Amino acid sequence: MTASLLEIERINSFYGDSHILFDVSLHVGRNEVVALLGRNGAGKTTTLRTIMGVLAPRSGSIRLDGEPIAGRPPFEIARRGLQLVPEERAIFGQLTVEENLRLAALTAPSAWTLDRIYEFFPRLRERRRSGGRQLSGGEQQMLAIARALIRDARVILLDEPFEGLAPLIVRDLVRVSRELAEQGRTILVVEQNVTAALSFADRVYILNNGHIVWEGTPEALRSDPALMKAHLGI
Amino acid sequence: MPSAPLLLSQAFNGLALGTLLALVSSGLTIILGTLGVLNFAHGALFMLGAYAMYVVATATGSYVLAVVVGVALERGLVRLFYARPHEDQILVTFGAGIVFTEIARAIFGGNALTVPTPSWGQGIVHLGFLFYPTYRLQLIGIIAALLIALYLVLYRTSIGLVVRAGIEDARMVGILGINVRRAFLAVFVIGVVTAGVSGMLYAPIISVEPDMGSNFLVQAFVVIVIGGLGSFPGAVVGGIVAGEIIALTSAFNAAYSDVMLYAVMALLLVLRPQGLFGSEGRV
């Protein structure tokens, strides 16, 4: 197997004095969609934040296309093509939809055009003059994903994209995620909604109390109810 | 009861003071909103602008000075305090303000100095219903133009986009690939320049003395509380409202002008704690 696009080796992350991630290793190949599952507080969000550079790991290495990025500030990591879509979405409420997108595209080496984004998310075209805070939860999530797409990110880190959304909206977003996967986007997704995540992932890791405890295919996980129950509580 | 012409004239004075407060407060509020730093040196920077006007006759020379002071202050001092608690930031900017004030006192002495009205601003204009000093009228126009320029920078340029986004969530701006620290320097310099330029423009109207900034600093704080922390439209509207309150109250009894300003602020804090244009949440 050729080297992975994103390689994480034995990272240890802390919040203050509390040790959150213990020797976490995982890799995401080019054009691969990897799901990182686990219970609340398992360290999933911390893993994504560490990869993005929001939190510096105390030890371990993170490589993007072979280049070490651990310890770099988020803006440099973003410029190298990694993009976190945070759990809270972090839409700029005072900026319009279009301004949110233009801001995201500012430092992208090869940005998508607004038109291409709007073709992908027609709803955002309708709402392009609306302020970020006027958007519904689903529209905010679309915009959050669109900001990563307009940067043409090489790896997208999706943190709980379906959280707190109505089932109908989740179905829409799952369809969008599948489309992205089919387009060959490289994605590392963290999700509580296991069914939704498994529907577009190629490979799965399970995180438990800051340790990677399982790695395998969605099929293998689905066919092992005991495993699901032990680590995911379902 | 004051006469109608007096009230009208005071209303114009209020507009002159108000636009000036708007400009001073815009800088203060943008720095607070993006950097999260309450810049207590802002009043002293205003004072330095006025002295610069006294020393350097040409305005171009003094703008350069304001930029130089701004860059030096951010790179040399304030930058080191972004991650520190607010108390530390207040202490360091307050301290910088005292140092600036005392440097001015050491160089120019404690006596009030007067700056002559520029040659193009001499005389009085007859507005038909009112005689009004030419320079004050020009002042309103110049500051209005500067506020419009600031508006265009904030709402029509990429740096403005970064600043407005940074006011809301500086961390997310960084996650989107933007070097927020570099944007912070630009914001700080823009803020300092507004203070310095305001001081220069106002120098011919008031007496220039080392402590002149402290009163403006307090009034600018009131303006951003009224307008909403971190809001540029809030600083503009808040500034004009504050200027009119001070000027119109003075027409009745000058001793009550500050009291009236605080009363309005207190009332607003009860009815709308986030200020006229503020949003709840991050400060």
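Student: How much area do chain A and chain B bury between them, and what share of it is on carbon and sulfur atoms?

Tutor: About 1,900 Å², with 64% of it on carbon and sulfur atoms. Buried area is the accessible area (1.4 Å probe) that two parts lose on being put together, summed over both.

Student: Anything to keep in mind about the model?

Tutor: This is a predicted model, in which local features need pLDDT of at least 70 and side-chain atom pairs count only at pLDDT 80 or more, while totals for chains, interfaces and linings use all residues. Residues are numbered from 1 along each chain as its sequence is written, chains are lettered from A and ligands numbered from 1 in the order in which they are written, and side-chain values use heavy atoms, with hydrogens and water left out.

Student: Back to the chains. Which residues of chain A lose the most area to chain B?

Tutor: A:Phe75, A:Phe92 and A:Leu103, which together account for 28% of what the chain A side buries. In terms of contact (heavy atoms within 4.5 Å), 26 residues of chain A meet 17 residues of chain B.

Student: How many salt bridges are there between chain A and chain B?

Tutor: There are 2, a salt bridge being a side-chain nitrogen of Lys or Arg within 4 Å of a carboxyl oxygen of Asp or Glu. B:Arg164 and A:Glu99 meet through their side chains at 2.9 Å, N to O. A:Glu88 forms a salt bridge with B:Arg171, with 3.3 Å between the closest N and O atoms. A:Glu88 sits in the loop between β6 and α3 of chain A and B:Arg171 in helix α6 (residues 158–175) of chain B, so this pair joins two chains.

Student: How are those helices and strands assigned?

Tutor: They are DSSP runs numbered from the N terminus: helices are H or I with at least four residues, strands E with at least two.

Student: Next, the domains. Where are they in chain A?

Tutor: Domain 1 covers 6–81 + 154–232 and domain 2 covers 90–152; the bounds come from an automatic or database domain assignment. Their centres, taken over C-alpha atoms, are 23 Å apart. The two domains of chain A bury about 1,200 Å² between them, 69% of it on carbon and sulfur atoms. On the domain 1 side, A:Arg79, A:Leu173 and A:Arg185 lose the most area to domain 2, together 33% of what that side buries.

Student: How many salt bridges link domain 1 and domain 2 of chain A?

Tutor: The count is 1. The side chains of A:Asp152 and A:Arg185 meet in a salt bridge at 3.0 Å, N to O.

Student: Last topic, the sheet. What is the strand order?

Tutor: β6-β7-β8-β3-β9-β10 of chain A, an open sheet of 6 strands with mixed pairing; two strands pair if DSSP finds at least two bridges between them. The edge strands, each pairing on one side only, are β6 (82–85) and β10 (211–216) of chain A. Neighbouring strands are turned by 20° against each other on average, direction ignored.

Student: In which sense do β7 and β8 of chain A pair, parallel or antiparallel?

Tutor: Strand β7 (residues 155–159) and strand β8 (residues 186–190) of chain A pair in the parallel sense, over 5 bridges. A:Val155 is opposite A:Thr186 in β8(A).

Student: Which helix packs on the sheet, touching β6 and β7 of chain A?

Tutor: Helix α6 (residues 137–150) of chain A, whose direction makes about 175° with that of β6(A). Axes are lines fitted to C-alpha atoms, for helices over the stretch in contact, and angles run from 0 to 180 degrees between N-to-C directions.
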